[in-house]
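Before turning to the details, please look over the sequence and the model shown here. The paragraphs that follow go from the packing of helices to the nonpolar interior and end at a loop.

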Amino acid sequence: MKKLCALLVSLALLMSPALLPAYALDAVTSATLDISSLPALRQNPDTNVLVIYFSTDDTVKAAAFAVAEALAADVFEIVPETPYSAADLAYYTGCRADREQDDSASRPAIAAFPESPDRYDVIFLGYPIWHGQAPRVLYTLLEGIDVSGKTVVPFCTSASSGAGSSAKNLQALTGAAGTWLDAKRLANHSTTEEIQAWALSMKLTKEESVMKMSINGTAAAVEWEDNDAVRALAELAARGLTIRMSMYGGFEQVGAIGQRLPSADVQTVTASGDIVLYAGDQLVVFYGSNSWAYTWLGHITDKTPEEMRSLLGNGDVTITLTVE
Ligand SMILES: Cc1cc2nc3c(=O)[nH]c(=O)nc-3n(C[C@H](O)[C@H](O)[C@H](O)COP(=O)(O)O)c2cc1C
């Protein structure tokens with residue numbers, strides 16, 4: 001009976017791809033990938049997350065697919081036009097990889113760039129550490145795509161080295177574009193569960209991430225506008241944003257965000273609970289009314305005018321914005 005049960009379980013596992021780690025289904029065994037069958041390994045029209053990776057020996061590939069599986073993300077593999085042979089990767093022998101890493105101008109050609117990267121808000125960028133840095137094909141990629149307005153999450157694997165300056169050097173290629181999170185180095189023995197827990201802990205996907213506001217520690221429910229200013233504010237909030245506000249005019253609190261956001265000012269009559277952007281870089285929250293040209297950010301939905309006045313009308317406050 002025990003044997004029969006074991007057989008049935010094995011059969012169920014074999015027949016149910018959902019129970020298998022995604023990468024097991026797509027595993028490659030050598031660096032010589034068939035570039036014509038890539039790069040679009042998976043396309044989910046509803047996702048706002050793209051996992052881009054480069055891997056020659058499947059370690060990063062396994063991590064990339066674990067992340068993609070957890071976040072229902074699309075996957076794009078960076079495929080060099082000339083695949084790396086085993087000899088090319090025999091590091092410390094003066095091999096091709098050694099020479100490329102040694103040459104800051106090296107930009108090995110890649111077979112393709114991701115299609116329509118505009119539709120993604122978040123890009124996970126996975127690579128192996130080669131001589132303390134990202135392989136030069138990552139440089140080729142980043143000089144060919146625009147990560148403006150996106151959150152970039154670098155992650156890497158290595159035999160023993162940390163991420164070091166690898167992600168900072170990649171970021172430098174893109175100017176000030178996008179919001180780059182700290183690079184995550186995944187140990188070679190990381191389990192799929194550990195990698196997925198890390199990916200999920202950042203709560204970066206469309207469905208799950210919500211910008212939360214608190215005023216002097218009191219949570220305020222906000223209905224945010226769907227515009228570029230709110231998206232840029234959420235990028236800052238994802239790293240934790242604290243704004244020191246000052247009472248002004250007997251009807252509002254205003255404070256410097258510390259960075260300019262995309263503005264689209266319109267003449268507006270505000271009401272209690274409204275949140276607007278003033279002069280491109282000031283957050284304003286109203287407990288009364290004013291008429292001025294602002295960019296709409298949102299509205300606090302769970303406070304009466306009396307509650308707003310008692311929160312904001314009794315001295316300067318601190319506003320905290322986070323993405324959870
Ligand atoms: C050319 C080359 C250079 C490497 N340099 C380093 C290094 O500096 N530090 C390190 O810990 N591992 C280094 N490694 C090992 C890889 O980072 C590690 O095996 C990685 O997990 C491979 O990922 P992959 O299987 O997805 O290709 C190097 C590997 C190669 C091929």
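To describe how two helices pack, an axis is taken as a line fitted to C-alpha atoms over the stretch in contact, and the angle, from 0 to 180 degrees, is the one between N-to-C directions. In this predicted model, helix 3 and helix 7 pack with their axes 9 Å apart and at an angle of about 55°. Because an angle that is neither under 35 degrees, nor over 145, nor from 65 to 115 counts as oblique, helix 3 is oblique to helix 7. The contact between them involves Ala63, Ala66, Val67, Glu69, Ala70 and Leu71 on helix 3, which meet Thr192, Ile195, Gln196, Ala199 and Leu200 on helix 7. The crossing of helix 3 past helix 7 is right-handed.

Helix 3 itself, with 13 residues, spans 19 Å between its first C-alpha and its last, close to the 18 Å expected at 1.5 Å a residue. This helix is mostly covered, in that 12 of its 13 residues are buried, and the buried ones include Lys61 and Glu69 alongside residues such as Val60, Phe65 and Leu71. Directly after helix 3 comes Ala72, which has a positive phi, near 50°.

In soluble globular proteins, nonpolar side chains tend to be buried together. Here the largest nonpolar core holds 51 residues, and Val51, Ile52, Val67 and Phe124 are those with the most contacts inside it. At least two residues of this core come from each of several elements, among them strand 2 (49-53), strand 4 (122-128), helix 3 (59-71) and helix 7 (192-201). Helix 3 provides the largest share, 10 residues.

Which residues does Val51 touch, leaving aside its neighbours within four places in sequence? Val51 is in contact with Ala64, Val67 and Ala68, and also with Ala73, Val75, Phe124 and Gly126. A second core, separate from the one just described, has 32 residues, including Val222, Ala234, Met245 and Ile257.

Finally, consider a residue in a loop. Asp146 lies in the loop that joins helix 5 to strand 5. Is Asp146 buried or exposed? Asp146 counts as exposed because it has 12 C-beta neighbours inside 10 Å, and 12 or fewer is the cut-off for that class. Although Asp146 and Asp118 are 28 residues apart along the chain, their C-alpha atoms are separated by 8.2 Å.

Definitions and conventions. Residues numbered from 1 in each chain as written. Predicted model: local features only at pLDDT ≥ 70, side-chain atom pairs only at ≥ 80, totals over all residues. Core = buried A, V, L, I, M, F, W, Y, C linked by C-beta atoms within 7 Å. Buried ≥ 20, exposed ≤ 12 C-beta atoms within 10 Å, placed from the backbone. Helix = DSSP H or I, 4+ residues; strand = E, 2+ residues; numbered from the N terminus. Contact = placed C-beta atoms within 7 Å. Expected span 1.5 Å × (residues − 1). Left-handed = near helix turned anticlockwise from the far one by under 90°.
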